[in-house]
Structures are given as structure tokens and as C-alpha cells.
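The following exercises concern one molecular structure. Each task sentence is followed by a solution that proceeds step by step.

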Number of protein chains: 2
Amino acid sequence: MPTIEEIEQFAKRRGFFYPSSEIYGGLAGFYDYSHIGSLLKRKLENLWRRFFLKENNFFEIDPSIIMHEKVFEASGHLNSFVDPVIKCEKCKTLHRADHIVEDHLKRNFEGMSAEELVELIENHKIVCPKCKGKLGDISILNLMFLLNISQEDKAYLRPETAQGAYVNFLRQFELQRKRLPLGLAIVGKAFRKEISPRQLLIRMREFSQAELQIFFDPHNEKHDDWDEVKGYSLILNPVAKDTKEMTCESAVKNLKLPQFYVFYMAKVQKFFLDALKIPKNKFRFRELSEDEKAFYNKIHWDIELDLESLGGFKEIGGVHYRADHDLLGHEKVSKKSQEIFFDEKKIIPHVLELSFGIDRMIFALLDLFYTKEKDRTILKLTPTISPLTASVFPLVNKGGLDKEAKEIFDHLKNHLDVNYDDSGSIGRRYARADEIGIPFAITIDYDTLKDKTVTIRDRDTTEQQRVKINEIVNFICSKLGKNLFSG
Amino acid sequence: MPTIEEIEQFAKRRGFFYPSSEIYGGLAGFYDYSHIGSLLKRKLENLWRRFFLKENNFFEIDPSIIMHEKVFEASGHLNSFVDPVIKCEKCKTLHRADHIVEDHLKRNFEGMSAEELVELIENHKIVCPKCKGKLGDISILNLMFLLNISQEDKAYLRPETAQGAYVNFLRQFELQRKRLPLGLAIVGKAFRKEISPRQLLIRMREFSQAELQIFFDPHNEKHDDWDEVKGYSLILNPVAKDTKEMTCESAVKNLKLPQFYVFYMAKVQKFFLDALKIPKNKFRFRELSEDEKAFYNKIHWDIELDLESLGGFKEIGGVHYRADHDLLGHEKVSKKSQEIFFDEKKIIPHVLELSFGIDRMIFALLDLFYTKEKDRTILKLTPTISPLTASVFPLVNKGGLDKEAKEIFDHLKNHLDVNYDDSGSIGRRYARADEIGIPFAITIDYDTLKDKTVTIRDRDTTEQQRVKINEIVNFICSKLGKNLFSG
């Protein structure tokens, strides 16, 4: 299993990601995705779409990243999306006050008030971790990036995609013929002025999210497809308890969770275990305590993955029962009623949010699947999201093999993400392909010229098969269980 | 052909796009893509990728949107990406000085100096177009959005995607095994503090671009695949001349354009005419005069489409020969040599940029393809980019037809973007599908229950065919000439 430094080096060397504006010394908290990384990112996003937007009445929308100041007044971000910061009087470095206390006392102090933090810093004589200088007063810093759009308008870069769905709710409800549940997904960038970005793609200032807001009738917390999941075992880590497996049915009964909420926990867990093939022992839902929970969440379990490079379970996303917090906020500030008429009554829909950090997922995939075994290094991504699906090798660069190989490459490019590698021994080319997780390596040899077949080698089994040239695409697609999927 | 108001109403009513933060009165220059619009946008972007990234050694990368201040010092944006603005002394409205003069004198004054503009305003006694008040002094406003990232770092929202490719060039050149030409594409958001955003998706403050930077050896202005295009006819509108058709060969000879440049003009034109099916008489390349050209462009032809709603040809993108302007700029400011060793010599590669406004293309598609004929309204988008590929109708909502239709719908959803419509007469459902350009309407009737066939009606010909249920996907894909295309 790789260390965080190994992931950083590997990501840079093989073209996944590296610091943004690198020739100017980089910009803390910003990363550029290189060719292989951006393919992985796009495939992961598309897999997410296919998985979560299959349900009827679930749609993707694409609202602007910059939003009106009033949006964040209504959502509470203007007042509450803040971090306590503290400046060293000697070296002038700005620290997050809660992190300084956390690092010193080895406990979690998120959500603690400024006064309490000051008291802890004084009582424990905590000094600047950088220069041992005296720490100054705590101030409160809003984490949103402010933009002056024009003389009149103030706006912010969105700190989460979610608000785009809430301010669009009424119009979307009309457009989609007034049905509930209504799912509105947004896949895109969000921005936060983190004081101390760290751990590569884990705490970034510019990052990508895939979020799904599900609007539903609060008088009906059942889900139509409940029977499909009720016997399914969730991996749960409730507050102050050990992690255990529990069926959906028991989670409703014993943990008093709404059926509708548990249904989507099952969906989320299936996404990680079945679609991304994350090992079961690396996944859990962790319930947040009252102190940790965002103020607007009625129920809040984080999605966590066990990442060795970070020393344990890490938040990758969450299942948030935001109830009517957001729509009521927008109703109050916009003075436009968010009430709808549904099932013969007036209601403000409740919202269940499924939130995923795309960059965090990519980091986790590298942590979990970068594998060294015997003399091989393999990125064991599930083939569906492997950045490149196949690599084309001419056995040698002569005797017409190179020409034939290039023709096959050009043909495959219309159907699959492929690369071409003619440098070094076949063994070295296999090794290069394995390291970035290419599931199929196609070799063109002298037999190819005679019988129009190639060798396809499977990354995971290293087994080789002869396949007819005009059967390559079908062969690979059937191995992937791949469907035709529209542009 | 629609007016701009008709496009606005249609886009809102059928879910293409509408003003962002709408419940707060909107935010000028910002739009949200709704469900149908975001599907169209994604398909257009994917078609662009398939078309332009087919070439060997052409790749997509995904750099951060926020970039280091130094990037824009090097690119010249800090000093030169400015607009002259003028404030009315009475009503305090801020105007673009060149636009005010343009609107008054009906000529183009882009690129004119502040002094010249002041003189024109005084000589022609131009007053505030809003309140007839006296206009004040001209000031210079930078169009980039500044962000204070931290105590140390200043950064900007990128005003074009291009710089992301330039600062990544050296690393990408290494990663892609030191080959030229090297194409680096970026598809994503860019931001400009426009003084007066207007014309819906045409002049926005937040917009999407698809840009391809092609790095090549300046000692070799030939293109390997020249023979494929040399006889192809370009539609050219040179400075101070009428639009005419000219083969690529003649363009090189008569207009003294480099072969490499003309090759990509042909590619671009084919994208619009063959891939997007834009009528030939609606397309042209327009050469920019020395005054109009961006200071860094050696050769600059805009890609223009004739849009009736805007009263004529409008810039949609451009083919920009930026030469070594950007790499030299970054070399100077970063003090890191951008020189590479290629083909037995040291060079700074030259850059040819293909630049496309995604939102402008979407606006143009609605303008060009929203068609009223006899009693039908049809959005005649080419099926490849139609937001939805098929619509599923049960003839009636009883007798098992609805159940069968839903099963077919669920099956098709795994393969295609489809919707389900069971409301109103079949005629009304056809009309709804036509208006958003759905190419195939699938009706489930009583015969379906007997012989497992459905009726598929073609949007353009209105012809109907009986097709077996398990043949629907193949039937539609073969009609689309669609390939398997990876996630």
C-alpha cells in the first residue's frame, strides 16, 4: 500500500495530477489533472451519473458556479460557513485554531466556539507550531470567495453545488410535471478558502463534487423500491459504538432512521462496493455526533473509506437529511413561497442529499488500488473506470507489424480510450500498462499478418487469448459488461 | 427563424437554460442550464472531443480554474485584458466606452485607445444612453476576477482556458514522450467581468470553452495529412473583401497562410458543416484586421455563424496563430526555460489555438435549428447531439400498455437518453418531442403485446416503422451511425 508521498510521485510521473501553476511554484490547494487523471475523473463522473440518475424523475442540471450573495444569506453560509483562525504574533502565519488545538491535544474540536478554543490554547500553553511564537487573538474567517461582479452585485463562488439545486427547485418541479420524489444532480466545481489545504486531493481550495438532492414528500418517508434493499447489509459505525453490519430493515427499526434515508444508504454503499469494487472492509458509514453535524442536518452519516496513506478512515462524502432547511431559507430571503401542492396537500418538500467528493474519490482509488505484488506494480481499478481501456503494441517496429498495429490503433480509437506503445521490450510495455491500470494489452505479431488475429492479455489474470481483429471491440466490451452509452 | 425573445422563452419553457439565481432576480451574465440544456451541452462537448482529439498525440487535460497571478502577468492579461469604461455623471451607470461610441456612430471601435474614444465622445457630443446625462472620464477596467487566496497568494479566475495548457506544456511534452505536434485540449469554465453582458449566452460573465492548443515545430509549417484537405473548399471572408470559397491549396498560395494553419481551418469547417450539420451558407471564417486582432495573434480568423436572431454573422470561436507569445511570456516571468530539443535542434514551439465558445454554439444551434414548418415546430438538431435520443409513449394508459411501455423505457435508459410521456394525445406527444428535437418516438400499442414490436417514428421524415423490442437499441444506433463509446 502506498504512502502519501508515493501517491504524489506516482500521480506526477504517470500523468494523473500535480500542483497547479507549477512553473510558478504551485498554488497551495490547487491541482491540475493531467491526461490520464482527467480521463479517470470523467469516467468516474459518468459512472456516478449512470448509477444514480437511473431512477425516474432524477435529472442532472448545470447551474452557474458564481451565485448571488442572497443565495448564501438564505443558505446560512454567509453567517455560518466560517473557520476560527489564529495568527502567530511572531511569524505571522495564519492557522486554523481548531486544528492547532486538535494537533496538540489529539482530539476533534470541530464546531467548538472561539471562546472555548481560546481557553484551551491558554490553559494548555499552546504556541505556534511553526516557530513556537505566541499566538494572537482568534478571528472568524468566511470560507467563501467573494467576487465583485459589478457596481450593484456581489456574488460568491459556490462552496458546494447543492444550492444550485435548491434555487432551481420550483422551476424544475414545474418542468418535470410536478412529481415527487424529484432528484436534481449537479456535477461540478466548488471552492473554499481553506486556511491550510493539505493531503493532496483531500483538502483542496478548488474541487469537484457530485451531489444529488432528492426532494420528497415529508409525509411519506417510505420508498417504493424498499423491498429491493430491506435485507441488504449496511456497514455502520454509530456514535460511540463499534462498526457493525446491520440489514436495512434493522437500521430502520433499531436506529430509528427513516426508510427513505436507509434506502439511499444502501444505494450509496452499492455504488462503492459493486460499481467501484471497493473492498468491503475499507468502507463504512460513520454517524456524526451532535457536535460534529452541520447545523442544517437532521441526520448525517459520512461515507468513509479506510485509506492507509492517511492512517485510517477518511470522509469521502455524506448522506445528509437536510429536511426543509434550505427551501425555507430561500423562501424567507427571496420572499417567494417554496410551497408546492402535492398529493392533495400543501407542502415544503424535504431534501435528502447524497454528496460525493470527486477528487477525494480519485485519491482513494489510487490509495486502494495501487498494488505491488511480487515483481508487478498494478493499479487494480475496475476496468469500467480505468483511464485507458487498452494499449496497442507492435511486437517489433518492422516487417509491417508497425503499420498493422497503427491501423488497429486508429480503428480502436473510434470506440475506446486506447494508447499506442512501441518502445522497449513487450515485458516493459506490459509493466507500463499495468501501472496505470490498463485492463487489456493487445499485441500485434507475425501471426497477425497471416491470420488477422491479435493477442489480448488480461491485466489481472495475465492470461492471453487470440482474438480476430474485427472482434476486438466486441471482445473487450463483453468483458467490460459495457453497454452502448450515449455521448 | 426565431427572434432572440422567442429563443429566451423557448429555452426557459422547455428546460434549456434560464437566468441564474432567478428567485433573487437573476444575476446579469449568468445562466443555469436546465436538464435538457445540460444534456445538450454535454453531448456537444463530447462530440467536440471525439472530433478534435482523434489525432495521435492530442490529449485533454483538466487544470484548475483559479490560477496564479504570475500566469496572467506572463500572458499579458494583467496589463492588456482591459476595457475602457465610462460612468454617467448623472445616473452613475457604467458603460463600455467603445460600445457607446459604436452604438452612436454605427462602426466598430474595438481596440481604440482611451484618448481617441474621449475625443470621439466629445466631438460627437455623445451622452449617457440611459439618462442623457453627461459622461465622465474614461477609466480602464481589468476583466479578470481577482481572488485573495491567502495572505501570500493572489490569483485569478482564468479568463480563457488556454493558459492552463501553456503552463503545463513542458510537463506534458515529457509525459507524452517528446513528440510534436502535441495537442492539449481543455473543456471548461472561464470568467470575465463584462461591463454589459448581453444577448443571452453570447456575452456572459461565466461561460464554457472548448480550446485546443496545438504545439508545433515552427520550422515545419507542413501537416502530414495535408493531402486529405488540400482540395477542400473553405468559406473565407478576408479583410475588406467579399466572402468566397477557396480550396485549401489556394488559401496557402493566394492568402499566404501556413499549410499547418489552413489544415486546421478545414478541420474546423468540417466540424461545423459535417458534424453539427450547420447549413453551408450560415458559416464563414472572417479575417480580423490589424486593429481588431488580439495583440498576441500572428494570424487570426474568427469562426462566424449567421444568426438571424442577432441580425447577422456572429463570432463563435477562432483559429489563432499565437506563435511563441505565450511560452516566451512564461519563460520570462517564471525564469524557467521553455525551450525543448526536437528534431535535432533547440526550439520554442509555436502554438495554433482552436477556440470555441460552448454556450455560443448552443445559442447558435437553437437559432439555426428551431424551425416552424406548416403546423409543426421542430428543433432540427442533428440526432447525435439531440439532448434526448428517444421518447417512449404508451398508446393508452391501460390494458397493460403502460406496464409494457415502462419496461421498455427502463431497458432503453441503460443505453440511451430517453424520456417517457403518457400525457395527452399521441399527436400532442409527437409535438412535444419534436419541439426539443427528439429524433425517435417509440409507441407501444396493442400489437406490441401480441408480437413484441413497437412503432418508431422518425422526427424528420415522420415515417413510421415497426421494430422488434429487442432490436430498438440497434435500430436507433445504426440510424445514428453511433459507435460504442467509452464512459
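**Exercise 1.** Determine how much area is buried between domain 1 of chain A and domain 2 of chain A, and which residues of domain 1 supply most of its share.

*Solution.* Step 1: about 560 Å² is buried between domain 1 of chain A and domain 2 of chain A, and carbon and sulfur atoms give 45% of this area. Buried area is the accessible area (1.4 Å probe) that two parts lose on being put together, summed over both. Step 2: of the area that domain 1 of chain A buries against domain 2 of chain A, 66% is supplied by Ile195(A), Arg198(A) and Glu292(A), more than by any other three residues.

The model is predicted: local features need pLDDT of at least 70, side-chain atom pairs count only at pLDDT 80 or more, and totals for chains, interfaces and linings use all residues. Side-chain values use heavy atoms, without hydrogens and water, residues are numbered from 1 along each chain as its sequence is written, and chains are lettered from A and ligands numbered from 1 in the order in which they are written.

**Exercise 2.** Identify the salt bridge across this interface.

*Solution.* Step 1: the criterion is a side-chain nitrogen of Lys or Arg within 4 Å of a carboxyl oxygen of Asp or Glu. Step 2: the rule finds 1 salt bridge between domain 1 of chain A and domain 2 of chain A. Step 3: Glu194(A) pairs with Arg96(A) in a salt bridge, with 3.9 Å between the closest N and O atoms.

**Exercise 3.** State where the domains of chain A lie in the sequence and how far apart the centres of domains 1 and 2 are.

*Solution.* Step 1: the assignment, which is automatic or from a database, gives domain 1 (4-66 + 158-369), domain 2 (83-140) and domain 3 (388-480) in chain A. Step 2: the C-alpha centres of domain 1 of chain A and domain 2 of chain A are 30 Å apart.
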